[in-house]
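The following exchange examines how several structural labels are justified. Each answer sets a value against the criterion behind the label.

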Amino acid sequence: MEIKIECPCGQPFEFDVEPENGQMPCEVKCPDCGTDATALANAYIREQLPPKPAPVAARPAPAPMTVPGAPRAVRQYSPPPMPSRAVPVPAKAIAKRKKNPNDNAFRNGVIGAATASVIAFIIWFCLVRFGQFEIGWAGWLVGGIVGVGAMIGGNGGSRMGTLSSLFAALAILGGHFFGCMMGGLDLTPNVALIVGLILGAITAYKIGSGANN
Ligand SMILES: [Zn+2]
């Protein structure tokens, strides 16, 4: 029989279903808000049934397998949808598996710090290679860049800060090494390099770790 009901939310909907013992054979839900509308449908069936005694012959004879008294196996099925918007909404179990957001943030922080350290490396390299000198306070710049990279991606914490320091130190050491190699300069660590390393590591730690605490 055709059932037309209106959800308390105001959404009218209709569908076709064969009642069992004057009741809905399955659950039905509002297609709009998902509220269980089975009780409403049952009330509708009760209203409709008395006048005309259940039309059993509407369908072809039951399948030969049907054993009287056999337990009905299927309780939860979707009634055939009407062409219109009569589709009862099945209970969806949309449980999107979410990764631990902290892990994602940490990974993004590492990506941010690594990307920034490439930029910082190029800066230090250019100082040595083309400027033919190193300046200690450039470590601030390098540490700042790496720390900000870590902060943009990650969510801070001491682990992130330590990693930022490491990336900054790598960027400076790498810039020093390649800059000196290609510029034909002495590779021996100078004061500017050491000062830069210290400043860079401290700055990177402060900024990289401080994003969230
Ligand atoms: Zn509704």
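Q: What makes E1 and E2 count as paired strands?
A: In this predicted model, strand E1 (residues 2-6) and strand E2 (residues 12-16) are joined by five bridges in the antiparallel sense. Pairing requires at least two bridges between the strands, and five bridges are found here, so E1 and E2 pair.

Q: Which residues of E2 are the bridge partners of Lys 4 and Glu 6?
A: Lys 4 has Glu 14 as its bridge partner, and Glu 6 has Pro 12.

Q: What lies between E1 and E2 in the hairpin?
A: Five residues separate the two strands of the hairpin, and Gly 10 in the turn has a positive phi of about 100°.

Q: Why are Ile 3 and Ile 5 called buried?
A: A residue is buried if 20 or more other C-beta atoms lie within 10 Å of its own. Ile 3 and Ile 5 are buried, therefore each meets that cut-off; Glu 2, Lys 4 and Glu 6 are not buried, so each falls below it.

Q: Why do the side chains of E1 point to two faces?
A: In a regular strand the side chains alternate between the two faces of the sheet. In E1, Ile 3 and Ile 5 point to one face, while Glu 2, Lys 4 and Glu 6 point to the other. E2 has a covered face with Phe 13 and Phe 15, and an uncovered one with Pro 12, Glu 14 and Asp 16.

Q: Where do the two strands stand in the order of elements in the protein chain?
A: The order from the N terminus is β-β-α-α-α-α-α, with two strands and five helices in the protein chain.

Methods: Residues numbered from 1 in each chain as written. Predicted model: local features only at pLDDT ≥ 70, side-chain atom pairs only at ≥ 80, totals over all residues. Buried ≥ 20, exposed ≤ 12 C-beta atoms within 10 Å, placed from the backbone. Helix = DSSP H or I, 4+ residues; strand = E, 2+ residues; numbered from the N terminus.
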